[in-house]
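Please open the structure in a viewer and keep the sequence panel visible. The tour below proceeds from one selection to the next.

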Amino acid sequence: MAAMEAAADPDSLRLFLGLGLSESKARETLRNEALSASLRQAALQARSLLGSAVDKTVGTLLYSVASRLKDPKHLGFLVEYIATKKIVTDLQINAALEYIKSHPVETIDSADFDRVCGVGVVVTPEQIEEAVEAVISKHRAQLLSERYRFNMGLLMGEARSKLKWADGKIIKNEVDLQVLHLLGPKTEADLEKKTKTPKVRAAEPDKKGKAAVVENGDVYQETKSLMEQLRGEALKFHKPGENYKTEGYVVTPNTMNLLKQHLEITGGQVRTRFPPEPNGILHIGHAKAINFNFGFAKANGGICFLRYDDTNPEKEEEKYFTAIRDIVEWLGYTPYAVTHASDYFDQLYAWAVDLIRRGHAYVCHQKVEEIKGHNPPPSPWRDRPIEESLLLFEDMRKGKFAEGEATLRMKLVMEDGKMDPVAYRIKYTPHHRTGDKWCIYPTYDYTHCLCDSLENITHSLCTKEFQARRSSYFWLCNALDVYCPVQWEYGRLNLLYTVVSKRKIIRLVEAGAVRDWDDPRLFTLTALRRRGFPAEAINNFCAKVGVTVAQCTMEPHMLEACVREVLNEQAPRAMAVLEPLRVTITNFPEEHKTIDVLVPNFPADETKGFHKVPFQPTVFIEQSDFREVPDKGYKRLAPGQPVGLRHTGYVIAVQNIIKDSDGCIRELEVTCTKSEAAEKPKAFIHWVSDPLVCEVRQYERLFLHKNPEDPAEVPGGFLSDVNPDSLSVIEKALVDRSVSGAKPFTKFQFERLGYFSVDPDTTNAKLVFNRTVTLKEDPGKV
C-alpha cells in the first residue's frame with residue numbers, strides 16, 4: 001500500500017526525473033518502497049550540498065548507490081563523496097561499496113578510503129598514451145606477425161592493470177589508434193576468415209543479418225554485406241509470381257490469371273520502388289529505405305523505380321524533387337525509371353468511379369475534425385445510392401464543392417480499427433505537373449497500392465507503421481480486380497540526439513538554431529553530405545544496422561565509426577593548425593630559404609603518392625603543443641623538451657619565449673637539429689609554413705539529450721534542448737598549401753586533428769572546411 005502511495009507521489013516522480021531517470025524507470029523505482037526512500041534521501045542530500053539541481057552524471061551514481069547499498073547507514077557518507085565529485089565513476093562506486101562491507105561508518109578512515117577508492121586520482125591522456133605504448137612495445141613482435149588476428153583484449157587488460165582508475169573507453173580508443181599507427185589499415189588478408197575448426201557448433205544467423213562466427217571458443221558477430229543480407233533466400237520473401245504463398249494474401253477467383261499476366265510483363269524479374277513524398281529533404285532513416293528498396297532489387301537481378309508520391313500539391317516544391325533524385329544517385333543507385341503518382345491521375349480517377357459502381361465507395365460530407373481518431377461516428381452517408389455518389393463525385397471533380405465539403409471514402413475497416421479511409425479530397429491548389437486540371441487529389445491509402453499495381457511491383461517494401469494498412473492494400477486491389485503486389489514491412493531506422501520530422505526542422509530553421517535543411521548538425525542526407533560523410537559510409541552503416549523487422553534506434557557514434565573507416569582509406573593527409581602559435585627557427589639552414597618536404601598522401605601506403613609542402617624559418621604549431629610549465633607526462637614541446645616536426649627530419653628545441661604586454665605567449669624562438677644528430681624526441685607534432693588561411697567549422701551534437709522530443713526527458717520541448725555549443729567557427733585557421741584549389745566536398749585528414757571536408761561556401765578567396773569527425777570517438781559520447 002505504501003509503495004502504491006509513493007507511486008502516486010508527483011514530488012518524488014519529479015525528483016527522480018531530475019536525476020536523469022527515464023519516466024518508466026522513475027515509476028518503476030517508486031513501486032519499490034525501500035529503493036524509493038533511499039533514492040529520495042540521496043537526491044535531497046545531494047541537492048542540499050550542491051545548492052542547485054543534480055546533473056545526470058551525479059544522478060546516475062546516486063541511483064547506483066541507492067539500489068546496491070545494503071546498509072543505509074552508509075548512504076549519507078557516500079552521497080557526500082558523489083555530490084562533491086570526489087567519486088565520479090562506476091569503478092570508484094564498486095570500490096567504495098566493497099570497502100564499506102568491512103568498515104562500519106563510524107570507523108572509516110577517510111585517508112584510507114580515499115586511497116582505496118582512487119579519490120583525487122587523475123589519469124591524464126599522456127599517462128594513458130604512455131601505458132598503451134609500453135604494452136604495445138611488449139607485444140610488438142607478435143602484433144607485427146599476427147596483425148589484426150592478435151587478441152586485442154590482452155592489450156586492453158594489461159593497459160588497464162597499469163592504470164586502475166582510467167576510463168576504459170579512452171584506453172580502448174588509444175589502443176585502437178596505436179595499433180592502427182603500427183599496423184596500418186586492415187588489408188584484404190586481414191579480413192580473410194580463419195579456417196580453424198570451431199570448438200562449439202556455429203550459431204545460426206540472427207534476424208539482423210549478422211552471422212555468429214565462432215573462433216577459439218568465443219562467438220562474435222560478423223556483419224554481412226547488404227547485398228548478402230538481401231540476396232535470394234536470406235529474406236523469407238516470396239518469389240515473383242508466387243504472391244499467393246504469402247501469409248495474409250487474399251486469393252480471389254481471378255488471382256492466378258492476374259499473376260500470370262503479371263509474369264508475362266515482368267518475365268519473373270524482381271520489381272521494387274522507392275516512393276518518397278516530395279515535400280521535404282531525405283534524412284538518415286530514408287537511407288535505410290533507399291538501400292533496402294534499391295538494394296533488394298539489385299541483389300536479386302531486379303529493377304527499382306523512383307516514384308514521387310506527389311498527391312499533395314500544397315506542400316510540394318520542385319527543389320525537393322531534384323534533391324531527392326540527387327541523393328538517391330549520390331548513394332550509388334540509378335532508378336530504372338523515375339515516375340510520379342500524378343502520371344496515373346487519369347487511371348486512378350477511372351478506378352475511383354469503378355469502385356463506386358461496385359458499391360465499395362461513397363461520397364461523404366463529414367468534416368475532417370469529425371472523422372479524426374479511431375472511433376469517429378459512422379458516416380450517415382455510407383449507404384447513399386450508388387448513382388447519387390457517382391453524380392456527387394463528378395461534381396467534386398468539376399469544382400462544385402468547397403474544400404472540406406465532400407470526400408470520397410472507401411467502405412472498409414483497417415487493421416488499426418480506422419473505418420472508411422478517405423480516397424479523394426478537394427484541394428484548389430495547382431499541381432506542379434498537372435496545373436489546374438484537377439481539384440480533387442487521391443490520398444496515400446488509395447494511391448499507393450494502385451500505383452504499385454500499375455508498375456507491376458513484386459515487393460512493396462515499407463516501414464513498420466504501414467503494417468496497419470496492409471489489409472486495405474490487399475482489399476483495394478481485389479475490390480477493383482487488378483494485380484495485387486505483396487506489402488512487406490521492415491523496422492525504421494532512428495538516431496538519438498536528433499529530430500528528423502520536416503515540421504520540426506522548419507522550426508529549427510525559423511528559430512535560427514540551424515541555417516537550413518543542409519546544416520551539417522542535422523541528420524538529413526544533404527546535411528551529412530555537406531558535413532563530409534561519404535555515401536559509402538552511410539550505406540555501410542545501413543548494412544551494419546541490418547534488415548530488421550523491429551524498429552531500431554542507434555547512437556550517432558556508430559555512424560561516425562563507419563565514416564572514419566571509409567575516410568581512413570579515402571581521405572589524403574594534410575596538415576592544418578587551428579590555434580596557431582608562431583615559431584621562428586633561428587638557425588634554419590642558411591643555404592635554404594625554403595625546403596620542400598615530401599609528405600605521403602597515405603602514410604600506410606606510400607604507393608598512393610606524395611605532396612610537397614614548404615618548410616621555412618617561420619612555422620606555426622598548435623598552441624596546445626607547447627607548454628611553458630609542462631605537467632607530468634606531457635611529451636610535446638616545452639623548455640628543455642624538444643619535439644620532432646613531422647616529415648621534416650628535424651627536431652626543434654625552445655630557446656626563447658616571447659610574450660606580449662599581457663603576458664600571453666606570442667612567439668617561440670627555437671633551434672633545429674637534424675633528427676639523426678639529435679636524441680629521439682618523445683613526440684612529433686604537426687606544423688604549417690607559408691600556409692593558407694582558412695575557416696574551420698567544428699560541430700558537436702545539436703541536442704543535449706538523447707531524445708529531445710521526449711517530454712519526460714526534455715519538458716521544455718526540443719527547441720529548449722538545442723546545444724548552444726553545437727557550432728564553433730575558427731575564422732583564421734592555417735592549412736598547408738597542398739589543399740589549394742580543393743573543390744567542395746573534397747575530403748582530407750588533417751593530421752592529429754580529424755577528418756575535414758571542403759564546404760560549398762568556399763570561394764576563390766577563402767577555403768571553408770567542415771570537421772566531419774574527429775580521428776577517434778570522443779569518450780564522452782555515450
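In which helix does Glu-174 lie? Select residues 168-183: this is helix 12, and Glu-174 lies in it. Helices (H or I, at least four residues) and strands (E, at least two) are DSSP runs, numbered from the N terminus. This is a predicted model, in which local features need pLDDT of at least 70 and side-chain atom pairs count only at pLDDT 80 or more, while totals for chains, interfaces and linings use all residues. Residues are numbered from 1 along each chain as its sequence is written, and side-chain values use heavy atoms, with hydrogens and water left out.

Glu-174 counts as buried because its relative accessibility is 10%; buried means under 20% relative accessible area, exposed over 50%, and partly exposed in between (1.4 Å probe, protein chains only). Leaving aside residues up to four places away in sequence, Glu-174 touches Ile-128, Glu-129, Val-132 and Lys-776, where contact means heavy atoms within 4.5 Å.

Next, select helix 20, residues 444-454. Of its 11 residues, 9 are buried, among them Tyr-446, His-448 and Cys-451. Asn-456 follows helix 20 and has a positive phi, near 55 degrees.

Now turn to the sheet. Its 7 strands form an open sheet with mixed pairing, in the order 14-26-27-28-24-25-15; two strands pair if DSSP finds at least two bridges between them. Strand 14 (573-574) and strand 15 (576-577) stand at the edges with a single partner strand each, so one side of each has no neighbour in the sheet. Helix 25 (residues 556-570) packs on the sheet and touches strand 14, strand 26 (747-750), strand 27 (754-758) and strand 28 (767-773). The direction of helix 25 makes about 120 degrees with that of strand 28 (axes are lines fitted to C-alpha atoms, for helices over the stretch in contact, and angles run from 0 to 180 degrees between N-to-C directions).

Within this sheet, select strand 24 (residues 692-699) and strand 25 (residues 727-735), which run antiparallel and are joined by 7 bridges. The bridge partner of Val-693 in strand 25 is Leu-734.

Select Glu-606 next, in the loop between strand 17 (595-600) and strand 18 (610-615). Glu-606 counts as partly exposed because its relative accessibility is 47%. From C-alpha to C-alpha, Glu-606 and Gly-153 are 30 Å apart in space, and they are 453 residues apart in sequence.

Finally, select Met-256 in helix 15 (residues 255-266). Met-256 is partly exposed, with a relative accessible area of 45%.
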